[in-house]
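Student: I should like to work through this structure step by step. May we begin with the metal site and then turn to the rings, the pocket and the backbone?

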Amino acid sequence: MLFISFLFGASLASFIASYSFRLVNNYPLTIPQRSYCDNCHSILRWWHLIPIVSFIVLRGQCHYCKQKISLYLPVIELLSGITFAIFFIYEPVHDLIIISFLSSLIFLTYTDFFNHIIYSYSLLGLVPIALLSVPQNYFYNLIFACILAVSLLLFATVTKTLGIGDIEFLFVICLVWGWYQTLLIIQWSSLIMLFAFLFTKKRQLPFIPALAFTTIPCLFIQGC
Ligand SMILES: [Zn+2]
């Protein structure tokens with residue numbers, strides 16, 4: 001069952017990545033139904049679609065046109081697979097909420113990483129996790145989330161470093177988890193961004209992938 005959970009998590013990540021790609025590029029979502037190469041648009045065979053394994057077998061490039069496949073894909077598939085496998089050991093009953101939460105995180109990460117777009121509706125998938133948190137006072141969470149959102153908006157206006165999507169994400173996280181976890185996520189993801197900046201020297205880096213990455217350990221802290 002552990003392996004099936006891993007495979008499910010990895011396949012889900014792979015599906016969300018291909019859905020997000022079509023959505024952000026305004027390609028039809030259902031035509032063609034089979035997955036295809038982003039570059040040469042050749043329909044992929046079944047053995048090109050096995051999460052992680054295909055990337056290794058194909059040596060990180062398209063079978064037909066040799067276009068490089070982003071390392072992001074197998075990394076997200078692996079992380080998603082591991083997270084699902086771990087959660088299966090802990091609380092299989094809560095899987096649906098976890099699936100919704102992780103699917104949203106993967107989707108948000110993908111659209112921000114590749115196209116700097118955040119679809120606000122995808123944040124809704126994060127909300128049900130509130131049901132699994134340790135009992136909290138959601139009224140105080142809401143007040144702090146509002147204070148945080150206003151402060152971040154001011155910060156974003158002055159420094160031009162944050163996008164509205166980043167602020168919306170933190171608002172929702174604060175609403176479901178409270179101020180402590182949110183500040184922890186901001187602190188760790190800012191550190192990741194600092195390293196990413198030193199490494200790439202790019203000023204325009206997507207923040208959501210770092211936020212999502214630091215959100216996952218918080219799932220365990222919350223004891224979901
Ligand atoms: Zn190709």
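Tutor: We may; a definition is needed at the outset. Donors are N, O and S atoms within 2.8 Å of the metal. Please keep in mind that this is a predicted model.

Student: Which residues coordinate the zinc ion?

Tutor: A donor must lie within 2.8 Å of the metal. Four SG atoms meet this condition, at 2.2 to 2.3 Å from the zinc ion. They belong to C37, C40, C62 and C65.

Student: What spacing do the donors of the zinc ion follow along the chain?

Tutor: The donors are C37, C40, C62 and C65. Read along the chain, their spacing is C-x2-C-x21-C-x2-C.

Student: What is the arrangement of the four donor atoms around the zinc ion?

Tutor: Ideal angles at a metal are 109.5 degrees for four tetrahedral donors. Four donors count as tetrahedral if all angles lie between 85 and 135 degrees. Here the angles run from 104 to 118 degrees, so the arrangement is tetrahedral.

Student: Is C37 buried or exposed?

Tutor: A residue is buried when its relative accessible area is under 20%. C40, another donor, has 29% and is partly exposed. C37 has 7% relative accessibility, and therefore counts as buried.

Student: Let us turn to the rings. How many degrees lie between the planes of Y72 and F113?

Tutor: The count of aromatic pairs comes to 14. In one of them, Y72 and F113 lie 5.1 Å apart, centre to centre. Planes under 30 degrees apart count as stacked. The pair of Y72 and F113 is stacked, with an angle between the planes of 15 degrees.

Student: How many residues apart in sequence are the parts that this pair ties together?

Tutor: Y72 lies in helix α3, residues 72-90, whereas F113 lies in helix α4, residues 95-115. Y72 is buried at 10% relative accessibility, while F113 is partly exposed at 37%. Because its two members lie in these two helices, the pair ties together parts whose separation in sequence is 41 residues.

Student: How are the planes of W179 and Y180 arranged?

Tutor: W179 is partly exposed, with a relative accessible area of 48%. The ring centres of W179 and Y180 lie 5.9 Å apart, with 90 degrees between the planes. Planes over 60 degrees apart count as edge-to-face. The pair of W179 and Y180 is accordingly edge-to-face.

Student: Which element supplies the largest share of the lining of the largest pocket?

Tutor: The largest pocket holds about 930 Å³ of space and is lined by 38 residues. Nearest its centre lie S18, Y36, D38, L44 and L73. Helices α1, α2, α3 and α4 each supply at least two lining residues. The largest share, eight residues, comes from α1.

Student: How many residues of that lining are nonpolar?

Tutor: The lining of the largest pocket can be divided by class. Twelve of its residues are polar and five are charged. The nonpolar residues number 21.

Student: Finally, where does H41, which has a positive phi, lie?

Tutor: Most residues other than glycine have a negative phi. H41 is not a glycine, and its phi is about 60 degrees. H41 is partly exposed at 40% relative accessibility. Its place is in the loop between α1 and α2.

Student: Is I52 buried or exposed?

Tutor: I52 also lies in the loop between α1 and α2, and its phi is near 65 degrees. The limit for a buried residue is under 20% relative accessible area. With 17%, I52 is buried.

Note on methods
Residues numbered from 1 in each chain as written. Predicted model: local features only at pLDDT ≥ 70, side-chain atom pairs only at ≥ 80, totals over all residues. Heavy atoms only, no water. Phe/Tyr/Trp six-rings, centres within 6.5 Å; stacked < 30°, edge-to-face > 60°. Helix = DSSP H or I, 4+ residues; strand = E, 2+ residues; numbered from the N terminus. Buried < 20%, exposed > 50% of the residue type's maximum accessible area, 1.4 Å probe, protein only. Donors = N, O, S within 2.8 Å, 3.2 Å for Na, K, Ca; no water. Tetrahedral: all angles 85-135°; square planar, octahedral: opposite > 155°, others 65-115°. 1 Å grid on protein atoms, 1.4 Å probe; cavity = no way out; pocket = protein on both sides within 12 Å on 5 of 7 lines; lining within 4 Å. Points joined across faces, edges and corners; volume = space filled by probe spheres on them. Nonpolar A, V, L, I, M, F, W, Y, C, P; charged D, E, K, R; others polar.
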